[in-house]
Structure formats: C-alpha cells, structure tokens
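Ready for a bit of practice? Take a look at the structure below, then work through the exercises one step at a time.

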Amino acid sequence: MRPEEARSILEWYIEAGVDECIENTPQNRFAPTPVAPEPVNTSPSTPPADRVVSMTLTASPSAAIVKAKELAEAANSLDELRKAVEAFDGCTLKKTATHTVFADGNPEAEVMLVGEAPGAEEDRQGIPFCGASGQLLDKMFEAIDLPRSKFYISNTLFWRPPGNRQPTPEELAICRPFVEKHIALIKPKILVLVGGTAAKSLLETSTGITRLRGKQYSYRSPYHDADIPTFVIFHPSYLLRQPAQKRLAWQDLQEIEAFLNH
Ligand code: URA
C-alpha cells in the first residue's frame, strides 16, 4: 500500500471516531503458544488445566448463557452469587479485565441501582461507579438524602469492555442471569436503571433513554415472584458531557424521592 493511501485510510478512521486499535472480542496475547504440534490424544483422560481454561473462555455464547443460568439459579446468597460470578469464565471480557466488579453500597437498602459496565477506574479498583461518573452519581443521590450507605449498586456487566466500548447484546445476555439473580437476592423496594444500556437491557426494549426516562415501570426478575417499581435516569457520564440535561435528571430524582416518601 502506498503511504498516501495508508494516510487517507487513517484520516477516514479518525473522522469516523475510530481512535482505539481494539477488537470486539479480546485476544489473550499472554496465552502460551504451543512449541510443537500436539500429539493426537486417543485416551479419554482429562486435558491439561490451561486447555480447560481456554476451552471455557471460548465456549459458545449460548453455552455460556446456559452455564450462567445454572450458576445463578444455584446461588442462594449474595456471597454465593459473587463467588459464582468471579469463577465464571463464559464472558470473554474477563480476559482483558483487571478485576471482576460485583457491587457496592448497602445490600439491605431499599434502593438498588444498576448501571452499564465498569470503566477504567472501576476496573482498577474493583468497585462500581468509583470514577468521575460515580462521583457525580453520588452527589445526585446525596441531594435526595440517599448517600451510598442507603443504596446498593451494580452493573449489567461485571467486567470492563476494552476501551469503554458499548457492551454487545451477547455480553449482556451472558451476564443477564447473574444480574436477574442479583436483583432477586436484594429484593429492593425500587430499582433505578442508570443509563440507556441498563434500561434497554432489563426492560427489554429498544426505546432510547430520552423517551424511557420520566416514567415508572415495573420489573420482574425470573428469580423473584414480585414486580419491582422501576425508574430510569440519565447516566452520569452523559450528564458530564451534557450538563444542560441535569435539569431533567433532577426531576427524575425528585420522582424517586417522592415515591420513597409517599
Ligand atoms: N459507568 C457504569 O455504568 N458503571 C460503572 O461502574 C462505572 C461507570
């Protein structure tokens, strides 16, 4: 390829917003490469441990969903669910993540928030919403007398998508059984879906956040036999980029406060 061709392709990428050299599916560059062709194994013995890991990490999405459902079903406490999520190898995002980000806040709280996915800071610390958007989220909820000690918070994904890209429908489907069981174990009085990804995924709709916010929904987890009143709010990272929308976010917070105090 001539240098000017390469340059024009790069310029096109930059204009299209492609600013990270990453693939949708993470590659494990640290995986050992076999030095010699593997002998044909005709014995029924168990494969070596490193091959078991790579087989489970590349299992088909439908097999991963089945496994996630099985594990979610079997978890009878938050601690068991956390351990099941941490041990789960069916979501390829785990390969590039530093930490599994499970939850934060008060598991006894009446209010449960579900966001999208851990960002860079959350991946570093293993705590949901501990970066810049989390600081804004905390301020927003403190304004209605709900500091983090009065709510519980998790995400639709437990591992950071590389480069903070949008979660894929496949990743959301694989983690969903754990999220559904998480909500069923907390049994919150209200559920708050933070941002369009969480709202669309849990309410199973393609409607955008601007039309979803400002209304009340009810959510029923397959692992819980009651409907949970549910609210949708703008994601704080969107509010950091679009501060004019804080006015609408404040209205939504007041609705939540009124519901809790009525
Ligand atoms: N954004 C999210 O949706 N979740 C986090 O934990 C952090 C940022």
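**Strands, helices and charged pairs**

Let's begin with strand 5 (residues 216-219), which is joined to strand 6 by 4 bridges, the two running antiparallel. Keep in mind that this is a predicted model.

**Exercise 1.** Find out which way strand 4 runs relative to strand 6, and how covered strand 6 is.

*Solution.* Step one: on the strand 5 side, tyrosine 219 sits opposite isoleucine 228 of strand 6. Step two: strand 4 (residues 190-194) is linked to strand 6 by 4 bridges, and here the two run parallel. One such pairing puts leucine 191 with threonine 230. Step three: look at the cover. Of the 6 residues in strand 6 (residues 228-233), 5 are buried.

**Exercise 2.** Describe how helix 8 and helix 9 are arranged.

*Solution.* Start with the axes: those of helix 8 (residues 169-186) and helix 9 (residues 196-203) come within 11 Å and cross at roughly 80°. Angles from 65 to 115 degrees count as roughly perpendicular, so that's what helix 8 is to helix 9. Now the contact: Leu172, Arg176, Val179 and Ile183 of helix 8 meet Thr197, Ser201 and Leu202 of helix 9. Sorted by type, these residues give 4 nonpolar, 2 polar and 1 charged.

**Exercise 3.** Which parts of the chain does the salt bridge between aspartate 252 and arginine 213 link?

*Solution.* First, check the gap: the closest N and O atoms are 2.7 Å apart. Next, place the partners: aspartate 252 is in helix 12 (residues 246-261), while arginine 213 is in the loop between helix 10 (209-212) and strand 5, 39 residues apart. Finally, both aspartate 252 and arginine 213 are buried.

Methods: Residues are numbered from 1 along each chain as its sequence is written. This is a predicted model: local features need pLDDT of at least 70, side-chain atom pairs count only at pLDDT 80 or more; totals for chains, interfaces and linings use all residues. Side-chain values use heavy atoms; hydrogens and water are left out. Buried means under 20% relative accessible area, exposed over 50%, partly exposed in between (1.4 Å probe, protein chains only). Two strands pair if DSSP finds at least two bridges between them. Axes are lines fitted to C-alpha atoms, for helices over the stretch in contact, and angles run from 0 to 180 degrees between N-to-C directions. Angles under 35 degrees count as roughly parallel, over 145 as roughly antiparallel, 65 to 115 as roughly perpendicular and the rest as oblique. Contact means heavy atoms within 4.5 Å. Ala, Val, Leu, Ile, Met, Phe, Trp, Tyr, Cys and Pro count as nonpolar, Asp, Glu, Lys and Arg as charged, and the others, Gly among them, as polar. A salt bridge is a side-chain nitrogen of Lys or Arg within 4 Å of a carboxyl oxygen of Asp or Glu.
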